[in-house]
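Student: I should like to learn how the terms used for a protein model are justified. May we go through one example together?

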Amino acid sequence: MLTRKQHELLMFIHERMKESGVPPSFDEMKDALDLKSKSGIHRLITALEERGFIRRLPNRARAMEVVRLPDSMNPSLGGKKSKFEPSVIEGDLGRAPAPTASPQSIDDGANAPVAIPVMGRIAAGVPIEAIQTQSHTISVPPEMLAGGEHYALEVRGDSMIDAGIFDGDTVLIKKQVTAANGEIVVALVDGEEATLKRLRKKGQSVALEAANPAYETRIFGPDQVAVQGRLVGLFRKY
């Protein structure tokens, strides 16, 4: 799944290649997407390359080719997508039951599992835009829920493998807007891209740290990153 900016850049490169056979320059891409710096273009190109939409050709300046386009060319993909906000969870779905209340569960037992909504996919790699709509639910033992609202996300990517989080895992997230240094969080970057990373803060800088030496730690300003929740559990299918 591509973010709005990733989709816009891919289509701009595709149309320019059709017209002239030459890929656009970084300055042309920056101006076309109304970005302030070429570093944003570099990040978008890296994301497109890792997802298999474009290929950069070695030993040739500005050389790249479009490998494939999105499966759906629906014009709505070019429209503005809603940013990922787990606050769309309504009612008691995903909320740990109070001790005196009847738990939302699949049976009437005191220790019955609680239904937690799976809100989509989260990148453990280059950030992707998370799906905001609920796809299904999973049953979670109540002892894993320490009060508050919870939701689950399916992991895509391998940047957190040294933390024991693999591609295809489902992570249980407690919804909160703050986290301590070193905790693994769902972080919203620049208001539109969600990723699963270890949070580090130093002064006014916020670092999103991978648990895989193949990925670099990414540094952001304090206004670029919003915590959407903290990792509290993990489920894996064998």
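Tutor: Let us begin with one bridge partner: in E10, Arg218 is the partner of Leu208. Please keep in mind that the model is predicted.

Student: What makes E9 and E10 a pair of strands?

Tutor: Two strands pair if there are at least two bridges between them. E9 and strand E10 (residues 218-220) have three bridges and run in the antiparallel sense, so they satisfy the rule of at least two.

Student: Which residue of E8 stands opposite Leu208 in E9?

Tutor: Leu208 in E9 stands opposite Leu199. Strand E8 (residues 193-202) and strand E9 (residues 205-209) are antiparallel and are joined by five bridges. Another position in this pairing is Lys201, which stands opposite Val206 in E9.

Student: How many residues lie between E8 and E9 in their hairpin?

Tutor: There are two residues between E8 and E9 in the hairpin. Gly203 lies in the turn and has a positive phi of about 65°.

Student: How do you know that E7 and E8 pair?

Tutor: Strand E7 (residues 184-189) is joined to E8 by six bridges, and the two run antiparallel. The rule asks for at least two bridges, so the two strands count as paired. Within this pairing, Ala187 stands opposite Thr195 in E8. E7 and E8 also form a hairpin, with three residues between them. In that turn, Asp190 has a positive phi of about 55°.

Student: What is the order of the elements in the protein chain?

Tutor: The chain has three helices and 11 strands. From the N terminus on, the order is α-α-α-β-β-β-β-β-β-β-β-β-β-β.

Student: Why is the contact between Arg4 and Glu8 called a salt bridge?

Tutor: The closest N and O atoms of Arg4 and Glu8 are 3.3 Å apart. The cut-off is 4 Å between a side-chain nitrogen of Lys or Arg and a carboxyl oxygen of Asp or Glu, so the pair qualifies. Arg4 and Glu8 both lie in helix H1 (residues 4-20), four residues apart, which is about one turn of the helix.

Student: Why is Arg4 called buried?

Tutor: The relative accessibility of Arg4 is 17%. Buried means under 20%, so Arg4 counts as buried. Glu8 has a relative accessible area of 25%. That value lies between the limits of 20% and 50%, so Glu8 is partly exposed.

Student: How do you know that Asp169 and Arg236 form a salt bridge?

Tutor: Their closest N and O atoms are 2.7 Å apart, and this is within the 4 Å cut-off, so the pair counts as a salt bridge. The pair links distant parts of the chain, 67 residues apart: Asp169 is in the loop between E5 and strand E6 (170-174), and Arg236 is in the segment after strand E11 (225-235). Asp169 has 2% relative accessibility and therefore counts as buried. Arg236, at 28%, counts as partly exposed.

Student: What makes Arg121 and Glu154 a salt bridge?

Tutor: The N to O distance between their side chains is 3.8 Å, which is within 4 Å, so the rule is met. This pair also links distant parts of the chain: Arg121 is in strand E3 (residues 114-123) and Glu154 is in strand E5 (residues 150-156), 33 residues apart. Arg121, at 40% relative accessibility, counts as partly exposed. By this rule, the count of salt bridges comes to 13.

Student: What makes Ile116 buried?

Tutor: Ile116 lies in strand E3. Its relative accessibility is 0%, and the limit for buried is under 20%, so Ile116 counts as buried. The C-alpha atoms of Ile116 and His150 are separated by 6.8 Å, although the two residues are 34 residues apart along the chain. Of the 238 residues of the protein chain, 41% count as buried.

Student: Why is the charge of Arg68 said to sit over the ring of Phe53?

Tutor: The charged end of Arg68 is 4.0 Å from the centre of the ring of Phe53. The rule allows up to 6 Å and also requires a position within 35 degrees of the ring normal; the pair is listed as sitting over the ring, so both conditions hold.

How values were computed:
Residues numbered from 1 in each chain as written. Predicted model: local features only at pLDDT ≥ 70, side-chain atom pairs only at ≥ 80, totals over all residues. Heavy atoms only, no water. Buried < 20%, exposed > 50% of the residue type's maximum accessible area, 1.4 Å probe, protein only.
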